[in-house]
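Please consider the chain shown here together with its three-dimensional model. The briefing is arranged by topic, from the whole chain to the ligand shell.

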Amino acid sequence: MKKTKTFPNNFFWGGATAANQCEGGWKEGGKGPSVSDHYTAGSRQVPRKFTREIDPNQSYPSHEAIDMYHHYKEDIVLFAEMGFKMYRLSIAWSRIFPRGDESAPNAEGIEFYRDIFLECKKYKIEPLVTIQHFDMPYHLCEKYNGFADRRVVDYYLNYCRTIFTEYKGLVRYWLTFNEINALSHSFGETLGGGILPKEDADMGNPFANSKTESPEVASRRFTALHHEFLASAKAVKLAHEIDENNRVGCMIAGTCVYPYTCNPDDMLASQQRMNMGNWFCSDVQVRGAYPHYAKRYFQEHNIQVTKEPGDDEILKAGCVDFYSFSYYSSACASADPEMKKTAGNMMGDAVSNPYLKASDWGWMIDPKGLRYFLNEVYARYEVPIMVVENGLGAADTLEPDGSIHDDYRIDYLRWHVEQMAEAIEDGVDLIGYTPWGCIDLVSASTGEMMKRYGFIYVDKDDEGNGTLERIRKDSFYWYQELISSNGESV
Ligand code: BG6
């Protein structure tokens, strides 16, 4: 066990959730439906389905989730008990603008989040707010096809203006789009971009090969991503104008890809995957311009990104203040078409690493990859960094005496905290850590409750049974001690 005094005194220890995976109350308080409300429950074997109409014979896990809509006060008390300095949550856009294109917001939605932020303030917990986390108002998807339509940039900005103004003084840290690079893969089109499939369809599977797209479809997707870049850049500028204390970050699915062998072909394959799958979005958001390698990629895939004069200046004027990312696993790239295709988080056709073990959901566990990735990010951008998602999705057992012994989760987190300490000693400016699903919530990829990440157990199963009671796991006490010792007890 490594003892360390590495973490700075003001380090943001905390946890992360997203509205669509924990709030529930999908029709309460004036909320409109969001795209995630149209995804059914799935499992490791059965993909989630997107349905245009809500089918009464199907279960849609976001509709109730863990009912944080009614439990947030007790949940924040538990976060405070662990000693959280930061709580990452998302605002459900359709609670503020139920359809997305109204001019006036929904007052009840605004007050809901104000109360959450006031609760956080009571316990000196700094909120970190994701503005858009996989839950665009459904009306914007149906009417405009999400970010494929440039007008949606203005609706997003209207939403940003509202929340920046309403929560001025209560919220200082913002993330414009969760895992914006989901949209640089074909599976991210609907949840990431709000672009609806023509018919009911299986959810794009992040763990299988990317589906084959025509150049027209790929062009629409990259144009939607361009619109998100514009929206993000304009939001950064607006946030700074409304409050000079605001700090806005990008949020990237950290896809750490190694070459499978030292064959130069594998080196190039891994570089290409890192470029378009990982660096592309943050190069735009941190540096304010499309990177050099994008041109060739677009040419070779016949992709046309529809831009307007002045867009380059907008991107340049809206560079983010910090870089944030999710990190669960790593994968390898091989140029050999015969290599077995295996799983990793948002890795598409990545090859598995023979030196690593995988979680029960097939995600490779690679703590040292986190140190490597942190160093790569910092060398590239030299801005402050936060790890805003990390954790082990695992099935937990509730013992008859009410305890949950999740030593596997403690191990996973400990190994990653040790590697963050190493990265800080390497010189990386890491300022925060908010592990994912600090309270059990609905899995984004499978729609299950069974895939749990939390320090806090929620009594609910995949069939929707349970009391919703919140129960402290062993990891709760481990994390509490870790925070109170500022990382030394790791
Ligand atoms: C990230 C998302 O990709 O991974 C979260 O930002 C998601 O929304 C998390 O929940 C873990 O993935 P999953 O599929 O295990 O819930």
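The points below take up the overall fold, the barrel, one of its strands, the packed helices and the ligand surroundings.

The model is predicted. Its secondary structure comprises 14 helices and 14 strands. The radius of gyration is 21 Å, close to the 23 Å that the globule rule gives for 490 residues, so the chain is as compact as a globular protein of that length.

**Overall dimensions and burial**

- Along the principal axes, the C-alpha atoms of the chain occupy a box of roughly 60 × 55 × 50 Å.
- Of the 490 residues in the chain, 54% are buried.
- When contacts between residues at least 6 apart in sequence are considered, 76% of them link residues at least 24 apart.

**The barrel**

- Eight strands form a closed barrel in the order E1-E3-E4-E5-E7-E9-E11-E12, and their pairing is parallel.
- From one strand to the next, the twist averages 30 degrees.

**Strand E7 and its partners**

- Strand E7 spans residues 247-253, and 6 of its 7 residues are buried, so that the strand is mostly covered.
- On one side, E7 is joined to strand E5 (residues 173-175) by 3 bridges, and the two strands run parallel.
- Within this pairing, Trp174 faces Val248 of E7, while Leu175 is placed opposite Gly249 of E7.
- E7 also pairs with strand E9 (residues 322-326), in the parallel sense and over 5 bridges.
- In that pairing, Ala253 stands opposite Ser326 of E9.

**Helices packed on the sheet**

- Helix H9, formed by residues 264-287, lies across both E7 and E9, and its direction is at about 170 degrees to E7.
- Helix H12 (residues 367-381) packs on the sheet and touches E9, strand E11 (385-389) and strand E12 (430-433).
- The direction of H12 makes about 140 degrees with that of E11.
- Strand E9 is thus a shared element: H9 lies across E9 together with E7, and H12 touches E9 together with E11 and E12.

**Surroundings of the ligand**

- There are 13 residues around the ligand, of which Glu179, Gly393, Ser443, Ala444 and Ser445 come nearest.
- By character, the residues of this shell divide into 6 polar, 4 nonpolar and 3 charged.

Conventions:
Residues numbered from 1 in each chain as written. Predicted model: local features only at pLDDT ≥ 70, side-chain atom pairs only at ≥ 80, totals over all residues. Helix = DSSP H or I, 4+ residues; strand = E, 2+ residues; numbered from the N terminus. Rg over C-alpha atoms; globule rule 2.2 N^0.38 Å. Buried ≥ 20, exposed ≤ 12 C-beta atoms within 10 Å, placed from the backbone. Contact = placed C-beta atoms within 7 Å. Pairing = 2+ DSSP bridges. Near = placed C-beta within 6 Å. Nonpolar A, V, L, I, M, F, W, Y, C, P; charged D, E, K, R; others polar. Axes fitted to C-alpha atoms, helices over the stretch in contact; angles between N-to-C directions.
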